[in-house]
Amino acid sequence: GAGGNRQKGTDKNTAALDAETEKLAHKTVSVDVAQTIMKARSDKGLTRKDLATKINEKPTVVQEYETGKAIPNQQTLGKMERCLGVKLRGKDIGKPLEPRGSKAKK
């Protein structure tokens, strides 16, 4: 019949669930990366919209990365690195990106 989806009381797990919800946040872009993107973009004289157009993303994506709210996407970071010429991943964040094929061969 009708009204079959009525909730009866609360589960005993509700309190445990409430206690653990805060820990389940995604890692967002670090402050270093956000500041590096902003600095590199302004050094090149690009607006957020210009950068977004160059990397085929929406300006809101660039804004989220610059404010540190974005969940890092390796593909997007890679496109930003190539466009801005600055490393945004790994341990050398902020260092100039070496052109492809310029690494010394061993």
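Here a visitor and a guide talk through a predicted model, asking why its parts get the labels they do.

Visitor: Why is Glu 81 called buried?

Guide: Buried means under 20% relative accessible area. Glu 81 has 6%, so Glu 81 is buried.

Visitor: What makes Arg 89 partly exposed?

Guide: Partly exposed lies between under 20% and over 50%. Arg 89 has a relative accessible area of 28%, and therefore counts as partly exposed.

Visitor: How do you know that Glu 81 and Arg 89 form a salt bridge?

Guide: The label asks for a side-chain nitrogen of Lys or Arg within 4 Å of a carboxyl oxygen of Asp or Glu. For Glu 81 and Arg 89, the closest N and O atoms are 2.8 Å apart, so the pair is a salt bridge.

Visitor: What makes Lys 39 and Asp 43 a salt bridge?

Guide: Their closest N and O atoms are 3.0 Å apart, and the cut-off is 4 Å, so they qualify. Both residues lie in helix α2, four residues apart, about one turn of the helix.

Visitor: Why are Lys 39 and Asp 43 called exposed?

Guide: Exposed means over 50%. Lys 39 has 52% and Asp 43 has 55%, so both are exposed.

Visitor: How do you know that Lys 95 is partly exposed?

Guide: Exposed needs over 50%. Lys 95 has 47% relative accessibility, so Lys 95 counts as partly exposed. The side chain of Lys 95 meets that of Asp 92 in a salt bridge, at 3.7 Å from N to O.

Technical notes. Residues are numbered from 1 along each chain as its sequence is written. This is a predicted model: local features need pLDDT of at least 70, side-chain atom pairs count only at pLDDT 80 or more; totals for chains, interfaces and linings use all residues. Side-chain values use heavy atoms; hydrogens and water are left out. Helices (H or I, at least four residues) and strands (E, at least two) are DSSP runs, numbered from the N terminus. Buried means under 20% relative accessible area, exposed over 50%, partly exposed in between (1.4 Å probe, protein chains only).
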